[in-house]
Amino acid sequence: MNFIKAELFRFSRKKVFYIAFLGLVCLALFFCKTIEADDAGMVVKASLTYGTAVIPILFVPIYLQIWQADFASRFINNILVSGMSRVHYYFGKLLMMYLFGEVLALIYGFSVLIFSYCLKGEFLIGEYLKAIAVQNLLYLVVMAVGLMIYIVVDVAALSTAVYLLFILLFENLVSALLKQMHINIEKISSYMIMQNLTKAVSVVNLQKNEIYPMLISGIVLWIISVGISVFLLKEREYK
């Protein structure tokens, strides 16, 4: 608990978090003002969809400040010498990332709802609260995958590049490759996390057979990411 409190205090004093916070609010306002649609619901859907490309990128400062900073400064050695287990350390850090990452995601989502209401008028807010809730669950998976990438690569600049490639290009490249091989990608795409973030915007219109693969694939990917991360941390020498 003391570890969590110390981490919370340390990161809450980082200016980069508040810059990201303000940037997301401004971005939400920009999208809501510039999207050419009279219907407020369409503005919300489009803005939440655009957010799926921006929010994962803004997780990068969280990875760097909460995780990578300990290794760059070799503070990880002091933590291990103090007797804290690597598993507890990992889950403590993951919890901190979830806390700050979810704050960013929720701030963006609620900013979109507020600005859309003020600029475009009334809409069925409950429909989009469900979409934001599902998206936030999937963002937890994205953060676990991102942390796994930082652990696997273990070089700050390179790991950031690999993470950005994953969220921006990986699934599109896989889809293009499968199409070239004449493989039906419809069922496979239902298990792709970044594509599911976009689908979650219309979650109220999806059938159960579309929602279940989205959630199950997220759980499976989370388990795999956490498992690989814990395994590597337990095996790797830091002292």
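A helix axis here is a line fitted to C-alpha atoms over the stretch in contact, and the angle between two axes runs from 0 to 180 degrees between their N-to-C directions. Keep that picture handy for this tour of a predicted model.

**Stop 1: helix 6 and helix 7**

Select residues 86–120, which make up helix 6, and then residues 125–153, which are helix 7. How do their axes cross? They come within 9 Å and cross at roughly 145 degrees, and the crossing is right-handed. Now show the side chains where they touch. On the helix 6 side you'll find, among them, Tyr90, Leu94, Met97, Gly101 and Glu102. Helix 7 brings residues including Tyr128, Ile132, Asn136, Tyr139 and Met143.

**Stop 2: Glu102**

Stay on helix 6 and click Glu102, which lies in that helix. Is Glu102 buried or exposed? Glu102 is buried, yet it has no salt bridge. Go looking for a side chain of opposite charge and the nearest is Lys130, 18 Å away. So what does Glu102 touch, once you skip residues up to four places away in sequence? Its contacts are Met97, Asn136, Tyr139, Leu140 and Met143. Asn136, Tyr139, Leu140 and Met143 also turn up on the helix 7 side of the contact you just looked at.

**Stop 3: helix 2 against helix 6**

Next, add residues 15–34, which is helix 2. Its axis sits 8 Å from that of helix 6, and the two pack at an angle of about 30 degrees. That angle is why helix 2 counts as roughly parallel to helix 6. Helix 2 passes helix 6 in a right-handed crossing. For the contact, try selecting Phe17, Phe21, Leu24 and Phe31, which are among the helix 2 residues involved. Over on helix 6, the partners include Phe100, Leu104, Ile107, Tyr108 and Phe115.

While helix 2 is on screen, pick out Leu22, which is found in that helix. Its relative accessibility is 52%, so Leu22 counts as exposed. Want a long jump along the chain? Go to Met192, 170 residues from Leu22, and the two C-alpha atoms are separated by 30 Å.

**Stop 4: helix 3 against helix 6**

Now bring in residues 40–58, helix 3. The axes of helix 3 and helix 6 come within 10 Å, crossing at roughly 155 degrees. These two helices are therefore roughly antiparallel, since the cut-off for that label is over 145 degrees. This crossing is right-handed too. Residues to highlight on helix 3 include Val43, Val44, Ser47, Tyr50 and Gly51. On helix 6, look for Leu104, Tyr108, Val112 and Ser116, among others. Do some of those ring a bell? What you may recall is that Leu104, Tyr108, Val112 and Ser116 are also in the contact with helix 2.

**Stop 5: Leu164**

Move to helix 8, residues 156–180, and select Leu164. At 26% relative accessibility, Leu164 counts as partly exposed. Leaving out neighbours within four places in sequence, Leu164 is in contact with Ile57, Val60 and Leu169. Then find Gly146: it is 18 residues from Leu164 in sequence and 9.1 Å away in space, C-alpha to C-alpha.

**Last stop: Lys208**

Finish at helix 11, residues 208–235, where you'll find Lys208. Its relative accessible area is 61%, so Lys208 is exposed. How far in space is Trp222 from Lys208? The C-alpha atoms of Lys208 and Trp222 are 21 Å apart, with their places 14 residues apart in sequence.

Methods. Residues numbered from 1 in each chain as written. Predicted model: local features only at pLDDT ≥ 70, side-chain atom pairs only at ≥ 80, totals over all residues. Heavy atoms only, no water. Helix = DSSP H or I, 4+ residues; strand = E, 2+ residues; numbered from the N terminus. Buried < 20%, exposed > 50% of the residue type's maximum accessible area, 1.4 Å probe, protein only. Lys, Arg positive; Asp, Glu negative; His and termini not counted. Salt bridge = Lys/Arg side-chain N within 4 Å of Asp/Glu carboxyl O. Contact = heavy atoms within 4.5 Å. Parallel < 35°, antiparallel > 145°, perpendicular 65-115°, else oblique. Left-handed = near helix turned anticlockwise from the far one by under 90°.
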